[in-house]
Each structure stands twice: as C-alpha cells, then as structure tokens.
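Biologist: I'm new to this one and would like some help reading it. Could you take me through a few features, one at a time?

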Amino acid sequence: MHVDAVVLDIDGVLVDVADSYRRAIVESIERLYGETIDRSAIQSFKDAGGFNNDWELTHAGALYVLASREGLDQTVEAFTDGIAQRGGGRDAAEAIVREALTPNAREDVFDAWDPDQLRDVFQMLYLGAELYREIEGREPRIAEPGFVNDEPVIVDPETIAALQADYDVGVVTGRPAPEADIALERAGLDVADEHRFTMDDWEAGKPDPHALVTLAERFDADRIAFAGDTLDDVRTAVNANESDGRVYDGIGVLTGGLTGETGRQKFTRAGAAAVVESVDDLPELLSPRSTDR
C-alpha cells in the first residue's frame with residue numbers, strides 16, 4: 001500500500017482507553033442515576049455511528065437507562081440498531097425515546113436527563129481534581145486521581161520513528177485539544193498544530209471527512225492512510241474517497257473495542273482497505289510512494 005501520508009486516531013490506537021474514557025462513560029451515568037449501561041454496551045453505541053464524542057455517548061447511554069425505567073422495552077442492541085438506522089448519534093437516540101414512550105413517561109425522562117451535568121461528572125472522573133481545575137477552570141466536586149492516569153501507551157516508539165521517517169504524519173481525534181496533548185506526549189508523537197484535528201478544530205466530527213481531506217491538502221498528498229479503532233474512522237476515509245479526488249485508505253486497528261475476527265469483519269463491511277492487529281503493524285503494511293524524502 002503505497003501512501004504519501006499517514007493519519008492516526010489516538011484512542012484505541014496510540015493509547016488504551018478501556019479504563020479511562022470508557023470507564024468514565026459507565027461511572028458518570030451510575031453516579032447520577034444509580035444504574036448504568038454495561039461497559040460492553042459502549043461498543044454497540046460506537047458501532048451505531050455518530051459517537052466519536054464520548055460525552056455524547058454518555059448522554060445517549062443515560063437516556064437509555066432513564067427511558068428503560070419509564071417503559072422502554074428494548075435491549076441495548078435493539079436501541080443502538082435503531083440509532084444506526086436513523087443515521088447515528090445522540091439526536092437519533094432522542095428520537096427513539098420520544099417515539100417509544102408515552103407523553104408522561106417521555107416528560108419524566110427528559111426532565112431527569114441532564115447532559116451538562118453528565119459532561120461535568122465525566123470530566124471530573126476522567127481528568128482528576130488537578131487537571132480538572134487546570135482544564136475546566138472550576139473547583140471539582142469529586143476528589144478522584146483521574147482515570148486519565150490509567151491509559152497505557154500501546155504503540156512502540158520504534159513505530160512512531162518509522163512512520164515519521166517515511167511519511168508525513170497527522171492526527172484526527174475526537175479528543176479535546178488539551179487531552180490530545182496529554183496522550184500524544186505520552187505516546188511520543190510530536191505533531192504540529194496544523195497537522196492535527198481535535199474536537200476543538202471541527203464541529204462535525206468523524207465520520208465527516210473535512211479534517212482528513214484538509215490534512216491531505218496540507219500534506220500535498222495523493223494517497224493517505226487513516227488508521228483508527230472504530231467503524232466511524234473507516235467511514236471517514238470512505239466519505240473522503242467519495243468527496244475528494246485523492247485516495248484514502250481506512251485501516252481498522254484491532255486494539256480498541258473491535259477485536260478478533262468479528263471486529264475484522266465489521267471493519268471490512270464498513271469499507272476498510274486493510275485491518276491490522278496493532279498500529280505497530282503499519283510500517284510493514286505501508287510503503288512510501290517515493291523513498292526520495
């Protein structure tokens with residue numbers, strides 16, 4: 001696969017977020033509402049699409065919990081299948097709840113549902129007290145060390161060095177910029193601001209192709225590989241192919257929520273050009289279009 005540039009997702013590719021972001025989703029809902037979704041259910045929401053932003057996945061998970069209390073008779077799988085059929089994301093989750101419940105039950109659910117509070121609790125749990133003060137600019141109400149400290153790096157330094165030696169390297173992530181800084185520093189990947197897109201840089205988020213296409217333009221690249229751990233990462237490359245004259249290869253990485261043969265099949269059905277066990281397999285998979293760099 002001869003490419004000019006490589007673009008990387010962060011979560012599930014460079015760092016493992018099973019005990020940080022995914023834990024924060026589950027525990028934020030539980031702290032506010034006394035019960036929550038199973039951690040395994042998070043992948044169902046991710047696969048439905050439109051949940052590149054983990055705050056919005058938390059909102060949708062809480063909505064499912066509250067609606068289930070008021071008579072929503074659906075498994076998580078049925079609920080997320082409905083989200084996928086409606087195009088993905090939080091708006092689709094809200095539509096399902098509005099359609100499925102009686103007016104009184106619907107009113108009770110949306111009165112109890114508090115996305116702003118969920119986001120705040122999420123940030124307190126994820127960042128911990130010190131970083132919460134620094135990044136959010138407020139005094140935390142929860143004294144936790146921060147789940148961010150439980151994010152092991154899963155990319156070898158040799159992989160980073162090899163990729164940067166042969167390609168222009170960029171980043172497209174759903175993380176806010178300060179949290180992207182933390183992960184990139186830990187992973188040892190130094191990327192110029194103009195070569196990365198975070199949540200703060202483009203509103204639509206993945207699978208909208210704007211960020212990927214913009215990086216291709218900035219790199220003056222004809223062919224780009226984009227490696228990520230979710231179906232929306234692969235869909236971003238597919239959408240870029242449909243909207244731009246360059247070639248975009250979406251590469252599924254099996255170190256996030258999608259694993260094994262089932263994960264490989266899901267990536268392939270979503271349009272992945274390749275699927276790898278780990279980001280460390282990229283140097284062997286890829287070849288620079290020209291070695292004269």
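Modeller: Let's start with Glu136, which is buried at a relative accessible area of 15%; buried means under 20% relative accessible area, exposed over 50% and partly exposed in between, with a 1.4 Å probe and protein chains only. This is a predicted model, where local features need pLDDT of at least 70 and side-chain atom pairs count only at pLDDT 80 or more, while totals for chains, interfaces and linings use all residues. Residues are numbered from 1 along each chain as its sequence is written, and side-chain values use heavy atoms, leaving out hydrogens and water.

Biologist: Which residue forms a salt bridge with Glu136?

Modeller: Side chains of opposite charge can pair when their charged atoms come close. Here Arg138 pairs with Glu136, with the closest N and O atoms 3.6 Å apart; a salt bridge is a side-chain nitrogen of Lys or Arg within 4 Å of a carboxyl oxygen of Asp or Glu. Arg138 is partly exposed, at 38% relative accessibility.

Biologist: How far apart in sequence are Asp233 and Lys206?

Modeller: Asp233 and Lys206 form a salt bridge, their closest N and O atoms being 2.7 Å apart. They are 27 residues apart, with Asp233 in helix 11 and Lys206 in the loop between strand 4 and helix 10. Helices (H or I, at least four residues) and strands (E, at least two) are DSSP runs, numbered from the N terminus. Both Asp233 and Lys206 are buried.

Biologist: What is the peptide bond from Lys206 to Pro207, cis or trans?

Modeller: Most residues other than glycine have a negative phi, and most peptide bonds are trans. The bond from Lys206 to Pro207 is cis, with omega near 15°. Asp220 has a positive phi of about 55° although it is not a glycine, and it sits in the loop between helix 10 and strand 5.

Biologist: And the nonpolar core: where does the largest one lie?

Modeller: In soluble globular proteins, nonpolar side chains tend to be buried together. The largest core here has 74 residues, and Leu8 and Leu14 have the most contacts inside it. A nonpolar core is a set of buried Ala, Val, Leu, Ile, Met, Phe, Trp, Tyr and Cys residues joined through side-chain atoms within 4.5 Å. Domain 1 (1-15 + 151-286) and domain 2 (16-145) both give residues to this core, so it lies between them; the bounds come from an automatic or database domain assignment.
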